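This report goes through a structure part by part. Keep the sequence and the 3D view at hand while reading.

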Amino acid sequence: MLTFLRRRITSSAIPLVVVILGVFCLARLTGDPANLYLPLSATPEMRAEFAARHGFDQPLYVQFGEYLAQVVRLDFGESLRTAEPAAEAVLRAFPATLQLAGATMILAILGAIAVGSWAAYRPNSAADRIASFTSTTAASMPDFWFAIMGVLVFAVALGWLPTSGTVGALAWVLPVLTLLIRPFGVLVQVVRGAMVSALSAPYIKVARSKGAGELRVVFGHALRNAAPPALTVAGDLTVGLVNGAVVVETIFGWPGIGKLMITSILQRDFAVLQAAVLVTAITIFALNIVIDACYALLDSRVRQGVTT
Amino acid sequence: MIKTMRVPSTPRRRQAASALLALGAMLSAGACSVANSGPETSSGGAAANTVRIVLPEEPPTLEPCDASLTATGRVTRANITEALTERDPGTGRLQPALATEWKQDSPTEWTFTLRPGVKFHDGTAFDAKAAAFSIDRTVGSEIDCNVDGYVFGGIELTATAVDDTTLKVKTAKPDPILPLRLSFVEIVPATTSATGKVREPVGTGPYKIAKWDTGRSLRLERHAGYWGKAPEFAAAEYVWRAEGSIRAAMVKSDEADVAIGLAPEDGAGDSAVQYPNNETSYLRIDATKAPLNDIRVRQAINYAIDRDGLVASVFAGLGKPAGQLVPEGVTGHSSAVQAWPHDMAQAKKLVAEAKAAGVPTDTPIKIIGRNGIYPKAAEAMEVVQNSLIEAGLKVEIEMLDVNAWLEYLLRPFPKNLGPTLLQAQHGNQAGDAAFTMGQIYGSKGAQSSYGTSELDSMIAAAEQASGEERQTAFAKALEHQSKDVVRDAVLAHMTGILALSPRVTYKPNAATNDEMRLADMHPAG
């Protein structure tokens, strides 16, 4: 298992470095931040001073070298926009995104297990068809549209929920629902598919013949074997959520990493952007390893395939 | 088969479970911090003495010397900090604020008499030393104040405290609008850092910062020792939402009292209030490149654009067709310059004439647009493109984000660029054409791609004039630009929309975008 993890970590570290270098270079190709941070009538001297103070007058490789040297010392630089340390901004925003993604995935997984198993238990019944239709619709729903409609219906017309914000349990409902809808739709289909084949497998007949109850057959035997593919998909979806909370966070004013990233891209706030990408990339990297490890634990073929 | 599919034995399962538990614990540990932090108001039921305002973006800082940044100024100016003078957005006249009167002793010397008995939020007294310190800190200091570049731009001045209530300001060159420029210098106590910017300033304003929960909300509370009339709301609570329709919805669902920066399609409905937002939209014509270097083509562009149609359809009736960048109420506005009439026949005739004279009118012209510069920015450019194609020109559109667009707005311009029309908007919040003419129409202006020596000298003369003479000189320069230079196609004086809940009365004005005075907001009834 340790060998598996070590190899997995080594192979994932390369994309991580590529991402960090890519963001560093691409950010600097998008134009001079002095245009945004200095008034339109700023003199050339003011521009030169600005560039010198932030090191933008140095060649790109020197800037990157200095950045790496800083990162090694856990110094992520200072925000151009707010002048606070970039690490602070990122560490403040990141938990908010993780909570949103975590709550969403827990609900998506529980919901998908219930609905997917229910549909798979009686394939082609009315229940199965309803579940398939709603999950396909959910999986293809544009989250932007869903968010705005949710606000119009539940906040403005009915007045049940706040439009946005983070205070109080009700504030979580619309952002979580918006984020939930697609992973839920995808997971229902995956769980259903895996459960249909699991429920038709010979060992289910064996279990039934030994007198196991239906709940135990479905959740004790079939689900256990349907879990690995669902877990992999759930892992990928979680990675997508951490990465793609941009729309939801922007609409609902959720102070997370997605919103921070989009603001720092628009504001050419390089230090914050780099720190946000670095932390997100490391998290995704860690999540992938956790998913692989879980998968390997659940399915010994994966583990052996890599270690032998 | 069954055997290999079986779940691994107990120790491994425990490992997997503990990995998931650890992840769950990490997520739930964070959950507490979001749910329980911050004074942000939840839906409805706000305290009656608090006004709740939703902004499009969080102020990056409340640093007073960056108050010319809209996001900072609309919270800071006249609420937390005050200036020596203030401009009446309606009449354009300069009013006393922390200075009660001022006079010009010589072309380069001014004396300001300061208001006695004013105290900063921290209890220290406001005096001429604090005023001189604030001017030095803002103008020409090492801390890169946005106000410095925006209002002073290299002007050298020295401020000296004569006694507690007398301040002398000397300028290196005559500056007839110095008191107006000083209306942008927010006064801070002399204890404020002179070498670094502050995020949360101390001022003399009617409100002081109570709590800034970064990323979530900002709360201001009434300053008990305010020298002037106490404002009616005891506190103001700011939150920010990037999406316009959400800001509008927050007022409708009683989560906010004031929502600003709305577009017609954001659905503010009955709560919408319109106001002239001091912005004028225009296209900058790069007159250095063929075919735009021919004045007939530039005139044809102006004739071809249907400004009434643009305002009526694309801007949903918000705005007023315009012929000059400087609107009424701003020093330098010329009532002689009207919006160009829509005359497609004349536009076609001028293009044909230019073509006959050998001007390459079939050279593709690129419209450089900026997404979100005003509502329906891209649609507006499509309307313009259609009109210009109909007039006989070849036109393409490229829409950019702010920073990419700024590369085209500001010198030095990108090289190897063909003929361009730049979608732009000019704000007149400074109240004087001096902040428009040099940088936009001067041949060396930061935002100017073309100028003439005649216009340059008219601008230079106007900048040195004062009073009625100044008004006339700038108006003449604008008339000359509009008739003989035709460096741009001005589209419209724009209109802003904000949403107001029935709990609050507030009359927005031309300054509202940059300066939202909480003291002007009152509980309804």
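**Transmembrane regions of chain A**

An unreviewed UniProt entry lists residues 12-31, 100-121, 142-163, 169-191 and 270-298 of chain A under "transmembrane region". The coordinates discussed here belong to a predicted model. In that model, residues 100-121 of chain A are 100% helix and 0% strand, and the C-alpha atoms at the two ends of this span lie 31 Å apart. Residues 270-298 of chain A are also 100% helix and 0% strand. Here the end C-alpha atoms are 41 Å apart.

**The annotated domain of chain A**

The unreviewed UniProt entry also gives "domain: ABC transmembrane type-1" for residues 94-291 of chain A. Helix makes up 83% of this span and strand 0%. The C-alpha atoms at its two ends are separated by 20 Å.

**A bent helix in chain A**

What distance does helix α10 of chain A span between its end C-alpha atoms? The helix covers residues 214-244 and spans only 39 Å, whereas a straight helix of 31 residues would span 45 Å at 1.5 Å a residue. There is a bend of about 55 degrees in α10(A), located at L223(A).

**Chain B as a whole**

Chain B contains 15 helices and 19 strands. Along the principal axes, its C-alpha atoms fill a box of roughly 90 × 85 × 45 Å. Chain B has 525 residues, and 54% of them count as buried.

**A loop residue in chain B**

K173(B) sits in the loop between β7 (166-171) and α6 (178-182) of chain B. Is K173(B) buried or exposed? Its relative accessibility is 65%, so K173(B) counts as exposed, the cut-off for exposed being over 50%. T204(B) is 31 residues from K173(B) along the chain, and the C-alpha atoms of the two are 31 Å apart.

**Cavities**

The model has three cavities of 30 Å³ or more. The largest cavity has a volume of about 270 Å³. Its lining consists of 20 residues, and those nearest the centre are R77(B), S183(B), F184(B), E515(B) and R517(B).

Which element gives the largest share of this lining? Strand β2 (residues 85-87) of chain B does, with three residues. Sorted by class, the lining of the largest cavity has eight charged, seven nonpolar and five polar residues.

How values were computed: Residues numbered from 1 in each chain as written. Chains lettered and ligands numbered in written order. Predicted model: local features only at pLDDT ≥ 70, side-chain atom pairs only at ≥ 80, totals over all residues. Heavy atoms only, no water. 1 Å grid on protein atoms, 1.4 Å probe; cavity = no way out; pocket = protein on both sides within 12 Å on 5 of 7 lines; lining within 4 Å. Points joined across faces, edges and corners; volume = space filled by probe spheres on them. Helix = DSSP H or I, 4+ residues; strand = E, 2+ residues; numbered from the N terminus. Nonpolar A, V, L, I, M, F, W, Y, C, P; charged D, E, K, R; others polar. UniProt positions renumbered as here; feature names shortened; annotations may be inferred. Expected span 1.5 Å × (residues − 1). Bend = angle between axes of the 7 residues up to and from the residue. Buried < 20%, exposed > 50% of the residue type's maximum accessible area, 1.4 Å probe, protein only.
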